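Biologist: Pick one part of this model and take me through it slowly, please. I'd like to hear how its pieces fit with what lies around them.

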Amino acid sequence: MNMLDKYCFSCMRQLPEAGAVCPVCGCDNSTAHNSVGYLNRCLLNGRYVTGKSLGHGGFGITYKGIDVNMERVVAIKEFFPSGEVSRSATGEVNLIFSEEENKKSFDKGMERALKEARICAQMERLNNVVNVMDVFRANGTVYIVMEYVEGITLAKYVQQHGGKLPFEDCLELLLPIIRALGIIHKQHVIHRDISPENIMVRSSSNECVLLDFGAAKNVSESDGNSHSTSLLRMGYSPVEQYSSTAVQDNRTDEYALCATMYFALTGTRPTDAAQRMYEDTMKKPSELGSDIPADAEAALLKGMSIRAADRFPDMNRLEAALTGRTVRSESNTDIEKMISELNRGSQPTGSVSAHSESQSGGSAPNGGKSGGSRGLIIAIIAVIVVILGAGAYMMMQKNRPEPEVTEPPAVVTEASTEESAAETTVEPVAEVTEAPAEEPTE
Ligand SMILES: Nc1ncnc2c1ncn2[C@@H]1O[C@H](COP(=O)(O)OP(=O)(O)O)[C@@H](O)[C@H]1O
Ligand SMILES: [Mg+2]
């Protein structure tokens, strides 16, 4: 059978024959296809077959696919900025530029897409961040191949669970994302597009996974090839994202994360930050029927302060305030990270040590898996030392009302260059909560 016909368009499982109705998911493969302008069954880079589209944002189209070498289902994100490019209805895979001048900004955007893949790859050891497996150029654009997360977006999850979630459930779902963001920020990266659409809930474990680093920024690099990806997500973007010059830092993600939690608690998209600037009519979650305790609500609303200076300085403080625990999550995170790093026999990336600054740019390469038992002994000693250290630290901190900020937030300043002007060409994503997933037309 032809490689392209071998797999079900919808679930990517092998078919008994070309064009068959899939015995697993019931998709009629004789007629299933994506809308005009999308790729249909297509072999990319000699090893990936694309299937149905999963979503289409301002930045690109994401397809379900299969890595035919590994026989593994994947998600493939195609850089396809809406408004700039299109495809003919005749099935031609190469892109068409609506205007020649778009080509220049498209090229910059492709660089940015490559950067998205690299930033994601930097985070590969984080459980709650989607795994990037490959990146390549084809059809005149860039493709990012990721693990396929079997599950639904947080937006859908909330919808399927009665439209709003109890506070304890929200916390359980989103604490791992808060912690992952804490580590990401220490690597001088900010995500800048946290929302219920960019977090998936795995169906096997209910674990949340952060997606879509298309707007992420590595603040330790001077970003000469930015693209217009600082898109606004109404309800989730803080005011600093509406400005071409305002500082964006880890508190930008903090706002969006708290706004995401607000949505999960209430089923309501928070009032847009720009609107709140004029008149803050946003209701508290408790006023919308959430069972959130008063202290946690105060913490959530502090995280959603209009002015960044009024928010928590980092994700650890946010976690502490939301959970009512003392600020020991940093030590916990570091312990977990150290253990996982040491167990993997690799060098921790700079930022994971409580006392070391992260190296700019790339992560340490994966070390070999040798030295397992030595690594384990070191790990045990390290854990004991850190626990004792953390205990002593907590004793010392006990009576201090507000711990000092130990490191400055990762900062992005949009310099007023031509590129940054382009970068902040905001796309007011009007109704962003539901980017309708394309179902294959059958
Ligand atoms: N790795 C993945 N596994 C499963 N579904 C995914 C994956 N990546 C993206 N999706 C789905 O595709 C949608 C769009 O992907 P995303 O990376 O957010 O791109 P964009 O928002 O730029 O279009 C997501 O909301 C999600 O439903
Ligand atoms: Mg997205």
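Modeller: A quick word on naming before we start: a strand here is a DSSP run of E at least two residues long, and a helix is a run of H or I at least four long, both numbered from the N terminus. Keep in mind that this is a predicted model. I'll go for the surroundings of ligand 1 and work outwards.

There are 22 residues around ligand 1, and the closest are Gly 55, Gly 57, Ala 75, Val 149 and Asp 212. Which strands supply at least two residues each to that shell? They are E2 (48-56), E3 (60-67), E4 (72-79) and E8 (141-147). E2 gives the largest share, with 3 residues.

Let's take E2, E3 and E4 together. E2 and E3 run antiparallel and are joined by 6 bridges, with Ser 53 standing opposite Tyr 63 of E3. Getting from E2 to E3 takes a hairpin of 3 residues. On the other pairing, 8 bridges tie E3 to E4, again antiparallel, and Ile 66 has Val 73 of E4 as its bridge partner. The hairpin between E3 and E4 has 4 residues between the strands, and in it Glu 71 takes a positive phi near 55°. As for burial, 7 of the 8 residues of E3 count as buried, so E3 is largely enclosed by the rest of the structure.

Now E8, another contributor to the ligand shell. Val 142 sits in this strand. Is Val 142 buried or exposed? It has 23 other C-beta atoms within 10 Å, so it is buried, the cut-off being 20 or more. Leaving out residues up to four places away in sequence, Val 142 touches Phe 79, Met 110, Ala 113, Leu 114, Val 135 and Arg 137. Its C-alpha atom is separated by 9.9 Å from that of Asp 107, which is 35 residues away along the chain.

Just before E8 comes the loop from E7 (132-138), and Asn 139 is found in it. Asn 139 has a phi near 55°, positive although the residue isn't glycine. With 17 other C-beta atoms within 10 Å, Asn 139 comes out as partly exposed.

Asp 212, one of the closest residues to ligand 1, makes a nice counterpart. It belongs to the loop between E12 and E13 (217-218), and its phi is also positive in a residue other than glycine, near 60°. Asp 212, though, is buried, with 24 other C-beta atoms within 10 Å.

That loop takes us to E12 and its sheet. Three strands make up this open sheet, in the order E9-E11-E12, with antiparallel pairing. E9 (151-153) and E12 (208-210) are the edge strands, each pairing on one side only. On average, neighbouring strands here are turned by 30° against each other, direction ignored. E9 connects to E11 (residues 199-202) through 3 bridges, and Ile 152 has Val 201 of E11 as its bridge partner.

Across E11 and E12 lies helix H3 (residues 167-186), running at about 35° to E12. Ile 177 shows how this part comes together: beyond its neighbours within four places in sequence, it is in contact with Asn 128, Ile 199, Cys 208, Leu 210 and Leu 257.

Ile 177 also turns up in the largest nonpolar core, which has 92 residues; Val 130, Ile 144, Val 145, Ile 177, Val 209, Met 261 and Leu 300 touch the most other members. Why is this core said to lie between domain 1 (33-148) and domain 2 (150-328)? Both domains give residues to the core, so it lies between them. That goes along with a general habit: nonpolar side chains in soluble globular proteins tend to be buried together.

Stepping back to the chain, it has 10 helices and 17 strands. Buried residues account for 43% of its 442 residues. Of the contacts between residues at least 6 apart in sequence, 62% join residues at least 24 apart.

Note on methods
Residues numbered from 1 in each chain as written. Chains lettered and ligands numbered in written order. Predicted model: local features only at pLDDT ≥ 70, side-chain atom pairs only at ≥ 80, totals over all residues. Pairing = 2+ DSSP bridges. Axes fitted to C-alpha atoms, helices over the stretch in contact; angles between N-to-C directions. Contact = placed C-beta atoms within 7 Å. Core = buried A, V, L, I, M, F, W, Y, C linked by C-beta atoms within 7 Å. Buried ≥ 20, exposed ≤ 12 C-beta atoms within 10 Å, placed from the backbone. Domains from an automatic or database assignment. Near = placed C-beta within 6 Å.
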